[in-house]
Amino acid sequence: MEGRQEAGKENKPSSTSVDPQGDSSLQVEISDAVSERDKVKFTVQTKSCLPHFAQTEFSVVRQHEEFIWLHDAYVENEEYAGLIIPPAPPRPDFEASREKLQKLGEGDSSITREEFAKMKQELEAEYLAIFKKTVAMHEVFLQRLAAHPTLRRDHNFFVFLEYGQDLSVRGKNRKELLGGFLRNIVKSADEALITSMSGLKEVDDFFEHERTFLLEYHTRIRDACLRADRVMQSHKCLADDYIPMSAALSSLGTQEVNQLKTSFLKLAELFERLRKLEGRVASDEDLKLSDMLRYYMRDSQAAKDLLYRRLRALADYENANKALDKARTRNREVRTAESNQQLCCRRFERLSDSAKQELMDFKSRRVSSFRKNLIELAELELKHAKASTLLLRNTLVALKGEP
Amino acid sequence: MAAEREPPPLGDGKPTDFEELEDGEDLFTSTVSTLESSPSSPEPASLPAEDVSTNSNGRKPAEVVLDDDREDLFAEATEEVSLDSPEREPILSSEPSPAVTPVTPTTLIAPRMESKSISAPVIFDRSREEIEEEANGDVFDIEIGVSDPEKVGDGMNAYMAYRVTTKTSLSMFSKSEFSVKRRFSDFLGLHSKLASKYLHVGYIVPPAPEKSIVGMTKVKVGKEDSSSTEFVEKRRAALERYLQRTVKHPTLLQDPDLRQFLESSELPRAVNTQALSGAGILRMVNKAADAVNKMTIKMNESDAWFEEKQQQFENLDQQLRKLHASVEALVCHRKELSANTAAFAKSAAMLGNSEDHTALSRALSQLAEVEEKIDQLHQEQAFADFYMFSELLSDYIRLIAAVKGVFDHRMKCWQKWEDAQITLLKKRETEAKMMVANKPDKIQQAKNEIREEIEEWEAKVQQGERDFEQISKTIRKEVGRFEAKRVKDFKTVIIKYLESLVQTQQQLIKYWEAFLPEAKAIA
């Protein structure tokens with residue numbers, strides 16, 4: 001039990017530091033990543049003393065599709081029906097960033113060379129940030145799997161980590177994507193159907209509460225995530241605005257012949273520095289707030305999926321009961337009906353037990369992650385505000401001191 | 001939010017920028033439409049204070065549109081010719097010909113659009129003390145406030161009336177504190193009058209705020225939304241800045257129209273300021289004509305200072321426009337940031353409500369509160385961005401346009417002088433030809449005619465040269481004053497703006513410092 005708790009607590013999403021593994025018998029990390037045209041190649045490095053593996057240290061190169069394959073394999077595995085499957089990492093998306101860089105390249109000639117250099121620098125930093133994030137997301141996915149006592153023992157996982165060759169997992173083609181899409185629809189329809197089934201009573205208060213909670217929570221956290229993203233975007237816009245301002249002030253300063261010269265030049269410098277600070281505010285809000293919200297949005301979806309599976313099992317159990325009763329009244333195939341019913345019952349109970357544990361882990365994981373990130377967010381905001389104040393004050397002193 | 005108050009003008013130590021009209025008063029009592037035109041005469045500006053006492057008629061000879069009583073004027077004019085101030089070069093010919101013809105004034109003065117108001121002769125009761133005060137470069141003690149916009153009337157005939165409050169200790173005003181109600185077109189009318197009197201002789205008349213048909217229509221229609229209140233506030237602040245700048249101009253402060261604007265309870269409606277009035281259209285046509293003329297005037301610039309300055313202002317204009325555009329973008333994005341922060345605050349609050357872990361739930365609610373306060377902060381900062389920085393820049397962009405206009409007037413003045421010289425030359429040639437061709441019969445009459453014309457044009461040439469020198473002098477002084485003011489304005493505003501930024505950051509620190517323990521309290 002303790003091992004599990006530990007593992008639960010230590011799974012934090014997208015922080016820049018590598019999450020320490022609860023159990024050092026299997027350590028996974030992404031040691032390198034390369035971006036090629038439209039693919040990203042991750043180097044997954046494993047350190048393990050488990051007897052299963054041929055070596056204690058080894059690495060393989062994997063692409064995003066292979067991560068998705070692994071995730072789907074878990075989801076489709078009946079054995080893990082009672083567990084929260086860690087959400088799959090999002091596809092690396094450099095589209096927006098690439099477009100912006102391209103636009104800058106063809107851009108208008110009205111901006112000075114300095115401005116151009118700064119904007120290019122900004123966009124490159126943005127590109128780099130997106131790249132780092134995608135690496136972190138893929139890494140966290142693997143690390144959560146490695147930390148989970150049940151999931152880490154999966155055969156597919158071992159293959160993923162060890163098999164030197166390409167897993168020949170092509171991306172889903174249109175038919176499969178459509179299939180996945182339809183499956184989701186069927187799932188939600190099914191869920192609606194199940195819940196409206198007469199006679200299907202939720203016997204456990206815990207799950208009743210969890211269900212209501214998760215439904216609402218998931219919607220709201222998704223909302224919060226979207227809006228946090230927009231705030232972050234606005235901060236970035238603001239930071240970018242300082243570039244032409246600084247440039248205009250600079251040229252004003254060089255042209256002036258009177259006392260305004262130094263004032264303008266100092267202002268130009270000030271805004272250049274403020275730009276960097278504003279940019280940092282944006283990226284910190286992104287990491288500590290937006291990313292965290294996004295991760296728990298996905299995780300809460302995974303929890304919802306678990307609840308659905310349990311509900312399905314309950315429905316199956318109920319159906320099996322009804323079938324048994326019918327069989328008994330007709331006195332036909334009672335044995336099969338009985339064994340089926342027992343199967344369903346056992347499955348349902350197994351799922352309920354593990355689901356309960358998983359959901360409690362989810363809560364403690366969530367709480368500790370929010371705590372950590374909110375503290376770090378506040379501390380960083382304070383740091384940047386203090387730096388800005390100092391910068392502004394120094395400039396004011398310099399300007400006021402002028403004749 | 002109070003608009004940027006103009007800093008007190010620099011005592012530029014030049015006591016000369018006022019009309020010494022008290023002595024010249026008698027000259028004009030009989031005339032009807034004069035006093036507005038009197039400042040068009042170049043001399044007053046160059047008149048040092050000391051000369052006032054010596055010159056009983058510091059007043060310029062009648063370079064003035066006089067519809068009546070011309071004779072009186074001329075009589076005095078001939079007298080005046082001998083009372084030249086030491087600064088004026090003796091450019092008059094020895095012949096006691098009248099210094100002016102009725103024709104000259106109209107060509108000298110820029111065509112006026114509106115009918116001249118029949119104002120009483122100006123009684124500048126400026127005491128000797130005040131003159132000396134200014135001579136010492138003391139501060140102009142006058143403050144203008146524009147406040148309390150209120151809607152008058154209904155529908156498309158509605159308008160906003162603003163309260164204009166003047167606080168002053170200058171004795172030229174009858175009270176020390178008074179206020180009147182004015183509407184936007186009144187301000188435009190004031191500017192129009194001042195511009196017509198002073199621009200073409202080289203004074204930089206502050207431009208009035210711009211019209212906005214869209215903005216005003218919204219207000220008229222009665223939309224009580226934030227954009228129309230913002231519009232009204234923007235306009236109010238702009239009107240205040242406009243008046244402040246105008247009264248801080250030592251020459252303009254003396255103008256009777258300005259005083260009437262500030263003081264009298266009733267003001268004749270300035271219809272000619274409407275964009276689509278006859279006067280308005282005439283204005284547009286003239287502007288177009290001016291633009292064409294500017295392109296065709298090739299002036300032989302003898303004074304490098306002017307060329308240099310023009311180039312400087314041209315550059316400054318370009319740079320300010322660029323800066324203004326980027327500041328406008330900043331204002332826009334900060335407003336967006338504020339809106340997005342508010343939206344996030346709401347969703348954080350909702351999330352906090354959903355959260356079933358008590359301590360985390362509380363922390364999330366606190367976060368929501370912090371974000372809400374921060375959104376307010378961003379809004380206020382955007383406000384400051386705009387009213388302090390952005391509006392200052394746009395004011396100066398328009399002011400520089402006025403400066404450029406003044407330089408253009410100088411060019412036109414030169415052109416006039418040049419044209420007069422050419423005409424004179426032609427007339428002299430004609431006369432010479434006549435002298436050579438010896439035809440006795442009709443020649444005497446023709447000779448007299450041509451003689452008269454030559455004298456007329458000689459006078460015009462002299463006048464042209466005087467005017468040109470006068471305007472050049474005025475411009476030099478004005479530009480000096482303008483630049484000094486600009487430096488001061490910018491410095492003051494920059495410091496204020498930075499202080500607002502500091503304020504914002506300090507508030508941010510406060511909010512986050514309050515939040516931190518809440519985050520740490522999550523157990």
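This briefing covers the two chains of a predicted model, their sheets and a few single residues.

Because the model is predicted, local features need pLDDT of at least 70 and side-chain atom pairs count only at pLDDT 80 or more, while totals for chains, interfaces and linings use all residues. Residues are numbered from 1 along each chain as its sequence is written, chains are lettered from A and ligands numbered from 1 in the order in which they are written, and side-chain values use heavy atoms, with hydrogens and water left out.

**Chain A overall**

- Chain A has nine helices and three strands. Helices (H or I, at least four residues) and strands (E, at least two) are DSSP runs, numbered from the N terminus.
- From the N terminus, the order of elements is α-β-β-β-α-α-α-α-α-α-α-α.
- Chain A has a radius of gyration of 27 Å, well over the 22 Å of the globule rule for 403 residues, so it is more spread out than a compact globule. The radius is taken over C-alpha atoms, and the rule is 2.2 Å times the number of residues to the power 0.38.
- Along the principal axes, the C-alpha atoms of chain A fill a box of roughly 105 × 45 × 45 Å.
- Of the 403 residues in chain A, 48% are buried. Buried means under 20% relative accessible area, exposed means over 50%, and partly exposed lies in between (1.4 Å probe, protein chains only).
- Take the contacts in chain A with a separation of 6 or more: 75% of them join residues 24 or more positions apart. A contact means heavy atoms within 4.5 Å.
- The exposed area of chain A is about 20,600 Å², with 52% of it from carbon and sulfur atoms. Accessible areas come from the Shrake-Rupley method with a 1.4 Å probe; for residues, only the protein chains shown count as cover.

**The sheet of chain A**

- Three strands form an open sheet in chain A, ordered S1-S2-S3 with antiparallel pairing. Two strands pair if DSSP finds at least two bridges between them.
- Strand S1 (26–36) and strand S3 (57–63) of chain A are the edge strands, each pairing on one side only.
- Neighbouring strands of this sheet turn by 20° against each other on average, direction ignored. Axes are lines fitted to C-alpha atoms, for helices over the stretch in contact, and angles run from 0 to 180 degrees between N-to-C directions.
- Ten bridges link S1(A) to strand S2 (residues 39–48) of chain A in the antiparallel sense. Asp32(A) has Thr43(A) as its bridge partner in S2(A).
- Helix H4 (residues 113–147) of chain A packs on the sheet and touches S1 and S2 of chain A, at about 150° to S1(A).
- Helix H5 (residues 155–162) of chain A also packs on the sheet, touching S1, S2 and S3 of chain A, at about 95° to S3(A).
- S2(A) and S3(A) run antiparallel and share seven bridges. Gln45(A) is bridged to Ser59(A) in S3(A).
- Side chains alternate along S3(A). Phe58(A), Val60(A) and Arg62(A) point to one face and are buried; Glu57(A), Ser59(A), Val61(A) and Gln63(A) point to the other and are not.

**Chain B overall**

- Chain B has 15 helices and three strands.
- Of its 523 residues, 53% count as buried in chain B.
- Among contacts in chain B with a separation of 6 or more, 79% join residues 24 or more positions apart.
- Chain B exposes about 23,800 Å², and carbon and sulfur atoms supply 54% of that.

**The sheet of chain B**

- The open sheet of chain B has three strands in the order S1-S2-S3, paired antiparallel.
- Strand S1 (142–152) and strand S3 (177–183) of chain B each have a single partner strand, so one side of each is left without a neighbour in the sheet.
- From one strand to the next, the twist averages 20°.
- Strand S2 (residues 159–168) of chain B runs antiparallel to S3(B), joined by seven bridges. Ala161(B) has Arg183(B) as its bridge partner in S3(B).
- Helix H11 (residues 256–263) of chain B lies across S1, S2 and S3 of chain B, at about 95° to S3(B).

**Single residues**

- Gln342(A) sits in helix H9 (residues 334–400) of chain A. Gln342(A) is partly exposed, at 46% relative accessibility.
- His357(B) lies in the loop between helix H13 (304–354) and helix H14 (358–436) of chain B. His357(B) is buried, at 16% relative accessible area.
- Beyond neighbours within four places in sequence, His357(B) contacts Lys363(A), Val367(A), Ile522(B) and Ala523(B).
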